[in-house]
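Here is a short report for a first look. Start with the sequence and the structure, then read on.

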Amino acid sequence: MNREVRFEDATETLATFPILQKKAAARLARAARLYSNALWWANEDPNFAWLQLVGAVEAIAAGQKSVSRPPVNVLADFHPNVWEALGDASTGTKEKVAKALAQQVGATRKFVDFVESHAPEAPQPRPEYRVDWSTMRQHMTVVYRHRSRALHDGKPFPHPMLDTPTNGPDGLPSETPVGMSAAAKGGSWMAQDMPMLLHTFEYIVRGSILNWWTRTARKNMTP
């Protein structure tokens, strides 16, 4: 909320842009444009800002390889209802279902894997109402689910995730909606359905892209 941006601090990072490979540079340029759109629209249309920030990550993550994981683990992560319904099914049955559904979560996996691999350290100081940084994978899975519903079903992000932060007893702006549940404009959500506020996600997206940029440039400089 009070982050100071100094253009001179970007000099060293910007100097590495010319050494990026063509495809990486193009993805970064697309991500930067989407990130910029999100900032411009954050106050007027926070739901659109959420979509633009997710798109900024996707612009780069689409070109990355997903982390290799057993199909049953992918099923448990991205289709928890199906996993729960399988319950006492045999291991063979679970593996068959997992393999059948694995192709459907490709974009989600790349998005989640990218953020999990490149997310910045938690901001300091931490507010009382904070995001659990150790469960970033679960948070990003929920965020991407909201993104898909917004694009394909016309359902906006949960209203509490569009609100401005509330200052806690410590005077610091909250990273998450306050409370175990919330209801607004005909909808209701539990805490697990609204893992963070827009400004928190912006911090994660910005840090993830910068970390990826730095690491990618460093690899290109290695003989």
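Which helices each supply at least two residues of the lining of the largest pocket? The model is predicted. Helix 1 (11–14), helix 2 (22–41), helix 3 (46–61) and helix 9 (198–221) each do so.

## The largest pocket

The largest pocket holds about 1,700 Å³ of space. Its lining counts 46 residues. Closest to the centre are R3, V5, Y35, E202 and R206.

Helix 9 contributes the most to this lining, with 10 residues. By class, the lining has 30 nonpolar residues. Another 8 are polar, and 8 are charged.

Why roll a probe over the atoms? A probe the size of a water molecule shows where empty space is left.

## The fold along the sequence

Now step back to the whole protein chain. The protein chain has 9 helices and 2 strands. In sequence order, the pattern is α-α-α-α-α-α-α-α-β-β-α. The two strands thus sit between the eighth helix and helix 9 in that pattern.

## Contacts across the chain

Take the contacts in the protein chain with a separation of 6 or more. Of these, 71% join residues 24 or more positions apart.

## Buried share and surface

The protein chain has 223 residues. Of them, 39% count as buried, with under 20% relative accessible area as the cut-off.

The protein chain exposes about 13,200 Å². Carbon and sulfur atoms supply 53% of that area.

Key: Residues numbered from 1 in each chain as written. Predicted model: local features only at pLDDT ≥ 70, side-chain atom pairs only at ≥ 80, totals over all residues. Heavy atoms only, no water. Helix = DSSP H or I, 4+ residues; strand = E, 2+ residues; numbered from the N terminus. Buried < 20%, exposed > 50% of the residue type's maximum accessible area, 1.4 Å probe, protein only. Contact = heavy atoms within 4.5 Å. Areas by Shrake-Rupley, 256 points an atom, 1.4 Å probe, with all protein chains shown as cover. 1 Å grid on protein atoms, 1.4 Å probe; cavity = no way out; pocket = protein on both sides within 12 Å on 5 of 7 lines; lining within 4 Å. Points joined across faces, edges and corners; volume = space filled by probe spheres on them. Nonpolar A, V, L, I, M, F, W, Y, C, P; charged D, E, K, R; others polar.
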